[in-house]
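The following exercises ask you to read a predicted model step by step. Work through each task before turning to its solution.

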Amino acid sequence: MEPADIFRPILRGWSLPLLIFAVGYVLMGMPRMDNQVREGCSLLNHDHFVVYSRRVVTPNGVYPASVEVNEGRIVSVIRRREAPKKGEGEVHVLNYENAVIMPGLVDVHVHLDEPGRAEWEGFKTGTRAAAAGGITTLVDMPLNNFPSTTTKEYFKMKKDAAKGNISVDVGFWGGLVPENAANLTILDELLSSGALGLKSFMCPSGINDFPMTTASHIQDALPVLAKYGRPILVHAEVEQPLEDIPLLANGVEGLSQDSRRLYSTYLSTRPPTWEQEAVRQLLEVAKDTKTGGRAEGAHVHVVHLSDAGDTLQFIKKAKEEGLHVSVETCPHYLAFASEEIGEGDTRFKCAPPVRNAVNREKLWEALKDGSIDMLSSDHSPAPPEMKEFESGDFLKAWGGISSLQFMLPVTWTAGRSHGVTLEQMSRWWSSNPAKLANLDRKGSIQFGKDADLVIWDPEESYVIDENHTIYHRHKATPYAGWTLSGRVITTFVRGQQVFREGEFSEKRCGMRLFAL
Ligand SMILES: NC(=O)NC(NC(N)=O)C(=O)[O-]
Ligand SMILES: [Zn+2]
Ligand SMILES: [Zn+2]
């Protein structure tokens, strides 16, 4: 007897009530279940589902578990040796077996350059690269876009440009410049518009409408930041005289074209003393962040640390003294060494510069012992002409490395030889950056958090060659030619499957994240 036959007699007498029930179910239940499909936000036809693998990275360790997702949130994390079978409840199960399920990456340092410089990078291309790379939240920098994000009006332009164009969730830093540091009402409005914090430069940024700030401007802004409990991120390099450097005794103008094509020449123009002096001055004003200080509640964060020498020691000491400070470095400082950069290869140009292999090892140590708190991409691409690929002139080329899509596999590939664990990966890339940006719902696989997940295979390797699809606006990246370990299989943003095996959801349903 077929199951349908059993139901037939029952259906006969009950067909009308059953029909009403069924229609009611369809009307009430289906819209929610089908929302994402209809709206095209997800590649998956379910709002309520379970992902399972034998390696789920949680705050209490890595273990086999099922992660239940309902309407965008994580509703349970259950340790279990096998995936739930079909029929155990009504929930759809995705079994990823040996793949790693990790919190999506939170990248707090990305230049997406819109509005105004869409030819550099953009919300669409940048956030697709992020989704393909397992980054589920990114925080956009207030510069390279035009106008720079320094007032509430410009903040509105920024958030309007993002609307409907983002594949992952995006928050925004506001910019601190002398003009708004001198008019704290402007700063207050910028923060009350929802900027997650501020960003400033202690040296020229290269962008005319983003002038540099001194430590004293930063000191002026700290009490306003304290009022909102938000951080300031600082590009910490201060220009120092270079005459003592023999190569530069006659200024950079006197240098030959051959010399300008050497990375070592560029390196000597931005010595570690620039970072040291900036951080020394910055930490002096950051004393105000101490408990009981005039800016208690504010937080000072040093972006893209390159010098693993005194700069790092200053930061370590400041933390011990109770200052509210933190520091990030970027994979390019951990993956490359100045002596290995080829002549004229300006893809590697960034500020502060990539230093030597000895420094690189020290950065790894500092990251592993917790002296460096987190990682970020500092994805900052520019059109090929500006990178001076033709001339290979390191002094003329725009500084900025294009890398967003490769952050997870690059960290894993370079980190493996340093014994990096999955838990460290998720602390550096998810929980610690989420904390910096006060994104409470982001950064870990835990009950109640947003279901932001990256599912990836750490054992699989591949080459970044011409067959590898790069989603950045510009394809030039210093990781070209690298053999990477770690392939992103799929990415979920608030339970929406936005990327799966080279495919994206039809629509861009990333949310803009504003501070309250
Ligand atoms: N204007 C920039 O995007 N600058 C960036 N450029 C780099 N890092 O070379 C940065 O973060 O300083
Ligand atoms: Zn910078
Ligand atoms: Zn940057």
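**Exercise 1.** Determine which residues of helix α3 are buried, and what covers them.

*Solution.* Begin with the assignment, in which helices (H or I, at least four residues) and strands (E, at least two) are DSSP runs, numbered from the N terminus. Next apply the burial criterion: a residue is buried if 20 or more other C-beta atoms lie within 10 Å of its own, exposed if 12 or fewer, and partly exposed in between, with C-beta atoms placed from the backbone. In α3, which spans residues 152-162, the residues that qualify as buried are Tyr 154, Phe 155, Lys 158, Ala 161 and Ala 162. They lie on the same side of α3, because they cover an arc of only 125 degrees around the axis, the arc being that of the directions from the helix axis to the C-beta atoms. Their cover includes α2 (123-132), β8 (169-172), β9, α5 (184-192) and β19 (512-513), where two residues are in contact if their C-beta atoms, placed from the backbone, lie within 7 Å. After the helix comes Gly 164, with a positive phi near 75 degrees.

The model is predicted, so that local features need pLDDT of at least 70 and side-chain atom pairs count only at pLDDT 80 or more, while totals for chains, interfaces and linings use all residues. Residues are numbered from 1 along each chain as its sequence is written, and chains are lettered from A and ligands numbered from 1 in the order in which they are written.

**Exercise 2.** Establish where the confidence of the prediction is under 50.

*Solution.* Take pLDDT, the predictor's confidence in each residue, from 0 to 100. The chain average is 93, and 92% of the residues score at least 70. Two stretches under 50 are residues 1-13, with two contacts beyond four places in sequence, and residues 23-35, with four such contacts. Where pLDDT is low, the predicted coordinates should not be read in detail. For the complex, the predictor gives an ipTM of 0.97 and a pTM of 0.92.

**Exercise 3.** Trace the strand order of the open sheet of six strands, and then follow the pairing of β15.

*Solution.* Two strands pair if DSSP finds at least two bridges between them. The open sheet runs in the order β9-β10-β11-β12-β13-β14 with parallel pairing, and its edge strands, β9 (174-175) and β14 (374-375), each pair on one side only. Within it, three bridges join β12 (residues 299-302) to β13 (residues 325-329), and His 301 stands opposite Ser 326. Turning to β15 (residues 453-463), its antiparallel pairing with β5 (residues 100-103) has four bridges, whereas eight bridges join β15 to the antiparallel β16 (residues 483-493). Trp 456 is the bridge partner of Val 100 and also stands opposite Val 488 in β16.

**Exercise 4.** Describe the backbone at Pro 352, Asn 438 and Arg 494, and decide whether Asn 438 and Arg 494 are buried or partly exposed.

*Solution.* A cis peptide bond, with omega about -10 degrees, joins Ala 351 and Pro 352, and Pro 352 sits in the loop between α11 (331-335) and α12 (357-368). Asn 438, with a positive phi near 55 degrees, lies in the loop between α14 (422-436) and β15; because it has 18 other C-beta atoms within 10 Å, Asn 438 is partly exposed. Arg 494 has a positive phi of about 45 degrees and lies between β16 and β17 (496-500); with 26 C-beta neighbours inside 10 Å, Arg 494 counts as buried.
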